[in-house]
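Here are my notes on the model you sent, set out as numbered points. Please read them with the coordinates open beside you.

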Amino acid sequence: MSGFPGVLPLSIDDTVSEYFGPISDFIVSVVFYSVTILGADVSLIVLWLIGAAIFFTIWFGVPQIRHLPHSLNLVRGRFSKPEDAGEVSHFQALATAVSGTVGLGNIAGVAVAISLGGPGATFWMIVAGFFAMASKMAECTLGVMYRRRHADGSVSGGPMYYLRDGVAKVSGNARLGKFLAAFFAVCCIGGSLGGGNMFQANQATAQIVSVTGGADSPFADINWVIGLVFAVAVGAVIIGGIKSIARVTEKIVPFMAGIYVAACLIVIGGSIGQVPSAFGEIVSSAFSPASVGGGFLGVLMVGFQRAAFSNEAGIGSASIAHSAVKTEEPATEGFVAMLEPLIDTIIICTMTALTIVITGAWQDEEASELGGVALTSSAFESVIPWFPNVLALAVVLFAFSTMISWSYYGMKATGYLFGDSTTAEIVFKVIFCVFIVIGAALSLKPVIGFSDAMIFSMSIANVIGLYILAKTVRNEIRRHLGKVESGEFARVK
């Protein structure tokens, strides 16, 4: 009870939001500093990412088109050798990384983009996803090149190592390399607790509350209880490290993606005649958005920002998972990683967008207020009333898989900062699980703001390193392709 007459006591949810909101707002204002161009707010950090994606697409010679068949053969295990060093297969590494990206960014993120920028934002998400494939290729190749192998057979890799060792070797400036690596690691821990944790718990909790009665749900005022259940489930998996995580993700990713895509196809198939007009709406409004602040540039920035949050290319997170792959050829994992933006941004995000546009959910007067998962859920519900239950299952699986992947990223970043201390990693796992409960109790705005800010901050150090190592990674890719052409790197299946 409050000590002041007539003043109701704050719930746990309200208390956490009240104290965390101002901190989140400050971080967002710094990371997403923007300038106004032609009436649109242009975020410099988003330009930083998309600029790198375009650069590496040109630098590598448009590998998204030229080498896609090779990527598919690698992930199917056609070149895999059991004796290669590493902990997980190409498919397991891809599944783990995809589980960290194919998540609520594909459900909630697309809905947010359309509610803010209209259907045209989807077009720019797809364009950004295409270019992002090259960024992902660069960072994951480098992750394997500079990974560390431990006596017990485990490996540690990712931007922390290629920034520290690679940048120092190429630039001759060891201090710069160490600074960039430490900066990335700190931001990775923040991103792990934010976008890889609290945002997932927040949106999954919102969907569970929605399908169990909304305001009348037994969980309406005790969201933290749902967060506690998530925390226990995540803790049970992450205690076993990358091998345990990979065993779960290689099963759950295909299953959850299959459920979600099937649901989208049912909605789209029921209105198949509207698909051409839906695509037409997406393309036309991308170039002539009538009611979006900032016009063309405004909708473009909305699409680019949500795509960056969805596929995380240039962020460097996926490189940590891919570094654990069993291979002696670093470039092979770059080709495999290139498939991530194709899956999560180009395919699954397009499915979500078509569902929202075809059903007309985005034109609802309350669309801008719904946002997130709620808007996507309303699109499904307009076709088949019980579909939100299917979506709720997909959301829970997406959130769960994303959290276990990001726990590994944060743990490895913590390990780097504390010399691979087992104690430090255990402490991080506990903190990670506590933040799941906190995320479930927060309102959407502070969570999205903090999530985006921490994850995008990782790109500052990572992209600087990618530019410095651009020649190194291109030489490695060319060396690998030369071995493929000569037959030295041959298929074994």
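1. Before the details, one term is needed: helices here are DSSP runs of H or I with at least four residues, numbered from the N terminus. Just after helix 2, defined in this way, G61 takes a positive phi of about 80 degrees. Please bear in mind throughout that this is a predicted model.

2. The residue that follows in my reading is V62, which has a positive phi of about 50 degrees although it is not a glycine. Most residues other than glycine have a negative phi. V62 is placed in the loop between helix 2 and helix 3 (63–66), and with a relative accessible area of 31% it is partly exposed.

3. On the chain as a whole, the protein has 22 helices and four strands, and buried residues account for 60% of its 493 residues. Among contacts between residues at least 6 apart in sequence, 84% join residues at least 24 apart. The accessible surface comes to about 19000 Å², and 65% of this belongs to carbon and sulfur atoms.

4. Helix 2 itself (residues 44–59) has 16 residues and reaches 22 Å from its first C-alpha to its last, which is close to the 22 Å expected at 1.5 Å a residue. Which of its residues are buried? They are I45, V46, L49, I50, A52, A53, F56 and T57. These residues lie on the same side of helix 2, because they cover an arc of only 150 degrees around the axis. An α-helix has 3.6 residues a turn, so residues three or four places apart point the same way.

5. The largest nonpolar core has 139 residues, of which Y260 and F456 touch the most other members. Helix 19 (residues 387–417) gives the largest share of this core, 16 residues. Leaving aside residues up to four places away in sequence, F456 touches V31, F32, I45, V46, L49, Q305, A308, F309 and I315. Three of the buried residues of helix 2, namely I45, V46 and L49, are therefore also among the residues that F456 touches, on the same side of helix 2 because of the arc of only 150 degrees.

6. The aromatic rings deserve a separate look, since the count comes to 14 aromatic pairs. The rings of W124 and F304 have their centres 6.0 Å apart and their planes at 90 degrees, so this pair is edge-to-face. It links distant parts of the chain, with W124 in helix 7 (residues 120–145) and F304 in helix 13 (residues 295–311), 180 residues apart. W124 is buried, with a relative accessible area of 9%, and F304 also counts as buried, at 10% relative accessibility.

7. F428 and F432 form a tilted aromatic pair, 5.9 Å centre to centre and with 45 degrees between the planes. Both residues lie in helix 20 (residues 422–441), four residues apart, or about one turn of the helix. F428 counts as buried at 4% relative accessibility, while F432 is buried with a relative accessible area of 0%.

8. Finally, ring pairs link W48, F55, F56, W59, F60 and Y467 into a cluster. One of these, F56, is also listed among the buried residues of helix 2.

How values were computed:
Residues are numbered from 1 along each chain as its sequence is written. This is a predicted model: local features need pLDDT of at least 70, side-chain atom pairs count only at pLDDT 80 or more; totals for chains, interfaces and linings use all residues. Side-chain values use heavy atoms; hydrogens and water are left out. Helices (H or I, at least four residues) and strands (E, at least two) are DSSP runs, numbered from the N terminus. The expected span of a helix is 1.5 Å times one less than its number of residues. Buried means under 20% relative accessible area, exposed over 50%, partly exposed in between (1.4 Å probe, protein chains only). The arc is that of the directions from the helix axis to the C-beta atoms. A nonpolar core is a set of buried Ala, Val, Leu, Ile, Met, Phe, Trp, Tyr and Cys residues joined through side-chain atoms within 4.5 Å. Contact means heavy atoms within 4.5 Å. Accessible areas come from the Shrake-Rupley method with a 1.4 Å probe; for residues, only the protein chains shown count as cover. Rings of Phe, Tyr and Trp (its six-membered ring) pair if their centres lie within 6.5 Å; planes under 30 degrees apart count as stacked, over 60 as edge-to-face and the rest as tilted.
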